[in-house]
Amino acid sequence: MEPDKFRKAIDECPLLVRMNDGREVVIEKPDFVIVGDYTAGVLVREKGKLLNMVISLLNIASIVPHYQPS
C-alpha cells in the first residue's frame, strides 16, 4: 500500500488492518500511527496494555472499518 493512501485511511479510525500473513491489527485512533515510506509504527492494545508494533506497508492486504461493541 502506498504511504499516502494509508495516511488517508487512518483518518477513518478505528480500522482493522489485515496483513498478507493473516495477522490483524486494530488501529484505535490516528494518533496511534506513524507512517514512514515502507513501514508504519502502530500502538496496539493487548491484554489492556498498549504495545508498539511495526508493520510493512507492502504486506497490507486490506483495511476495513472496525466497530467496537458498546
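Asp4 and Arg7 form a salt bridge, with their closest N and O atoms 3.0 Å apart. A salt bridge here is a side-chain nitrogen of Lys or Arg within 4 Å of a carboxyl oxygen of Asp or Glu. Both residues belong to helix α1 (residues 3-10), where they sit three residues apart, about one turn of the helix. Helices (H or I, at least four residues) and strands (E, at least two) are DSSP runs, numbered from the N terminus. Asp4 counts as exposed, at 52% relative accessibility, and Arg7 is partly exposed, with a relative accessible area of 33%. Buried means under 20% relative accessible area, exposed means over 50%, and partly exposed lies in between (1.4 Å probe, protein chains only).

This is a predicted model, in which local features need pLDDT of at least 70 and side-chain atom pairs count only at pLDDT 80 or more, while totals for chains, interfaces and linings use all residues. Residues are numbered from 1 along each chain as its sequence is written, and side-chain values use heavy atoms, with hydrogens and water left out.

**Salt bridges**

By the rule above, the count comes to four salt bridges. The table gives three of these pairs, including the one already described.

| Acidic residue | Basic residue | Closest N and O atoms |
|---|---|---|
| Asp4 | Arg7 | 3.0 Å |
| Glu24 | Arg18 | 3.0 Å |
| Asp21 | Arg23 | 2.9 Å |

Arg18 is partly exposed, with a relative accessible area of 34%. In the pair of Asp21 and Arg23, Asp21 counts as exposed at 54% relative accessibility, whereas Arg23 is partly exposed at 36%.

**The three-stranded sheet**

Arg18 and Glu24 also meet in the backbone pairing: the bridge partner of Arg18 in β2 is Glu24. Four bridges join β1 to β2, and the two strands run antiparallel. Two strands count as paired if DSSP finds at least two bridges between them. β1 and β2 form a hairpin with four residues between them, and Gly22 in the turn has a positive phi of about 100°.

On β2 the side chains alternate: Val25 and Ile27 point to one face and are buried, while Glu24 and Val26 point to the other and are not.

β1 is also joined to β6 by five bridges, again in an antiparallel arrangement. One of the residues involved is Met19, whose bridge partner in β6 is Ile60. Together, three strands form an open antiparallel sheet in the order β2-β1-β6. Its edge strands are β2 and β6 (60-65), each of which pairs on one side only. The twist averages 20° from one strand to the next; the axes are lines fitted to C-alpha atoms, for helices over the stretch in contact, and angles run from 0 to 180 degrees between N-to-C directions.

**The second hairpin**

Eight bridges join β4 to strand β5 (residues 49-56), and these strands run antiparallel. Thr39 has Ser56 as its bridge partner in β5. The hairpin of β4 and β5 has two residues between the strands, and Lys47 takes a positive phi near 55°.

**The nonpolar core**

A nonpolar core is a set of buried Ala, Val, Leu, Ile, Met, Phe, Trp, Tyr and Cys residues joined through side-chain atoms within 4.5 Å. The largest such core has 17 residues, of which Phe6, Ile10, Val17, Ile27, Val33, Val42 and Ile55 touch the most other members. The elements that give two or more residues to this core are α1, β1 (15-19), β2 (24-27), β3 (33-35) and β4 (39-46).

Which residues does Val33 touch, not counting those up to four places away in sequence? They are Phe6, Ile10, Ile27, Ala40, Gly41 and Val42, where contact means heavy atoms within 4.5 Å.
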